[in-house]
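The following explanation leads a new reader through one protein structure, from its overall plan to its individual contacts. Please keep the sequence and the model in view while reading.

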Amino acid sequence: DIKLSYKGVPTRALFISVPWENKEDRSKNSFESTLSRMKKKRLIDIRSSKWFLTKEGGDYFESKRKLSVKFPSPFPLNAPRNLLLMFDVPETRKMEREWLRRHLQEFQYFMIQKSVWVGPSPLPDKFKKHIRNIGLDKFIKTFKLAKSYKIV
């Protein structure tokens, strides 16, 4: 049995929360509310008592899937911080921006300002490729530092 979770909440396919035990009425209402919201957002279509994922729904869940990719840090502890990374990801792409920040922290980057980070280089090739695939590359600039940045 595969167990999925989203932000720590148990989920099933389509990222719908799992109904809690012994609260059947509330769970059923919650489930129906979720389906109603998904239908209003045109993520699903219900015809002849069958659920269909719309194109918008497919795009939405594909974007969620792309943000579930995790990259482990290839850098040793206390690696020299010799890469300055700056980004300006629009508010409309807040989830992608938060995903980027989490990975920069994973890669031992240090935040100088909200969108200015310094850390080890080079960034992993698979990570850079994924950044291009999700379209964040146009919002990110990197600069190789002449000498390592020291955190005081």
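**Architecture and local detail**

The protein contains four helices and eight strands. The model is a predicted one. Read from the N terminus, its elements follow the order β-β-α-β-β-α-β-α-β-β-α-β. The protein has 152 residues, of which 33% count as buried. Among the contacts with a separation of 6 or more, 62% are between residues 24 or more positions apart. The protein exposes about 11,200 Å², and carbon and sulfur atoms supply 54% of that area.

Helix H3, residues 94–106, is a suitable place to begin. H3 has 13 residues and spans 18 Å from its first C-alpha to its last, close to the 18 Å expected at 1.5 Å a residue. Which residues of H3 are buried? They are Glu96, Arg97, Trp99, Leu100, Arg101, His103 and Leu104. These buried residues pack against strand E5 (83–87), E7, H4 and E8. After H3 comes glutamine 108, with a positive phi near 65°.

One of the buried residues of H3, Glu96, also takes part in a salt bridge. Glutamate 96 pairs with arginine 93, and the closest N and O atoms of the two are 3.4 Å apart. Is this pair buried or exposed? Both arginine 93 and glutamate 96 are buried.

Helix H4 covers residues 125–133, and its buried residues are Phe127, His130 and Ile131. Seen down the axis of H4, these buried residues fall within an arc of 105°, so they line one face of the helix. The general geometry of helices is relevant here: an α-helix has 3.6 residues a turn, so residues three or four places apart point the same way. The face of H4 turned away from the buried side carries Asp125, Lys126, Lys129 and Arg132, which are exposed. The cover over the buried residues of H4 includes helix H2 (55–66), helix H3 (94–106) and strand E8 (140–144).

The backbone on either side of H4 also deserves attention. In the loop between strand E7 (116–119) and H4 lies proline 122. A cis peptide bond joins serine 121 to proline 122, with omega about -5°. Just after H4, glycine 135 takes a positive phi of about 80°. As a general background, most residues other than glycine have a negative phi, and most peptide bonds are trans.

Two loops elsewhere in the chain hold further residues with positive phi. Arginine 42 lies in the loop between helix H1 (24–40) and strand E3 (44–47). Although arginine 42 is not a glycine, its phi is positive, near 60°. Arginine 42 has a relative accessible area of 60% and is exposed. Serine 49, in the loop between E3 and strand E4 (50–53), is likewise a residue other than glycine with a positive phi near 60°. With 72% relative accessibility, serine 49 counts as exposed.

How many salt bridges does a search of the whole structure find? The search finds six. In general terms, side chains of opposite charge can pair when their charged atoms come close. In one salt bridge, the side chains of aspartate 45 and arginine 47 meet at 2.9 Å, N to O. Aspartate 45 is partly exposed at 26% relative accessibility, and arginine 47 is partly exposed at 45%.

Another salt bridge joins lysine 55 and aspartate 59, with the closest N and O atoms 2.9 Å apart. These two residues are four residues apart in helix H2, and therefore about one helical turn separates them. Lysine 55 counts as exposed at 61% relative accessibility, whereas aspartate 59 is partly exposed, with a relative accessible area of 43%.

The last stop is on the surface. Phe110, Ile112, Tyr149 and Ile151 make a nonpolar surface patch of about 310 Å². Where is tyrosine 149 placed? Tyrosine 149 is in the segment after E8, and with a relative accessible area of 32% this residue is partly exposed. Strand E8 has already appeared in this account, as part of what covers the buried residues of H4 and among the elements against which the buried residues of H3 pack.

Methods. Residues are numbered from 1 along each chain as its sequence is written. This is a predicted model: local features need pLDDT of at least 70, side-chain atom pairs count only at pLDDT 80 or more; totals for chains, interfaces and linings use all residues. Side-chain values use heavy atoms; hydrogens and water are left out. Buried means under 20% relative accessible area, exposed over 50%, partly exposed in between (1.4 Å probe, protein chains only). The arc is that of the directions from the helix axis to the C-beta atoms. Contact means heavy atoms within 4.5 Å. Patches are made of residues with over 30% relative accessible area and no salt bridge: like charges are joined within 9 Å, nonpolar side chains (Val, Leu, Ile, Met, Phe, Trp, Tyr) within 5 Å. Accessible areas come from the Shrake-Rupley method with a 1.4 Å probe; for residues, only the protein chains shown count as cover. A salt bridge is a side-chain nitrogen of Lys or Arg within 4 Å of a carboxyl oxygen of Asp or Glu. The expected span of a helix is 1.5 Å times one less than its number of residues.
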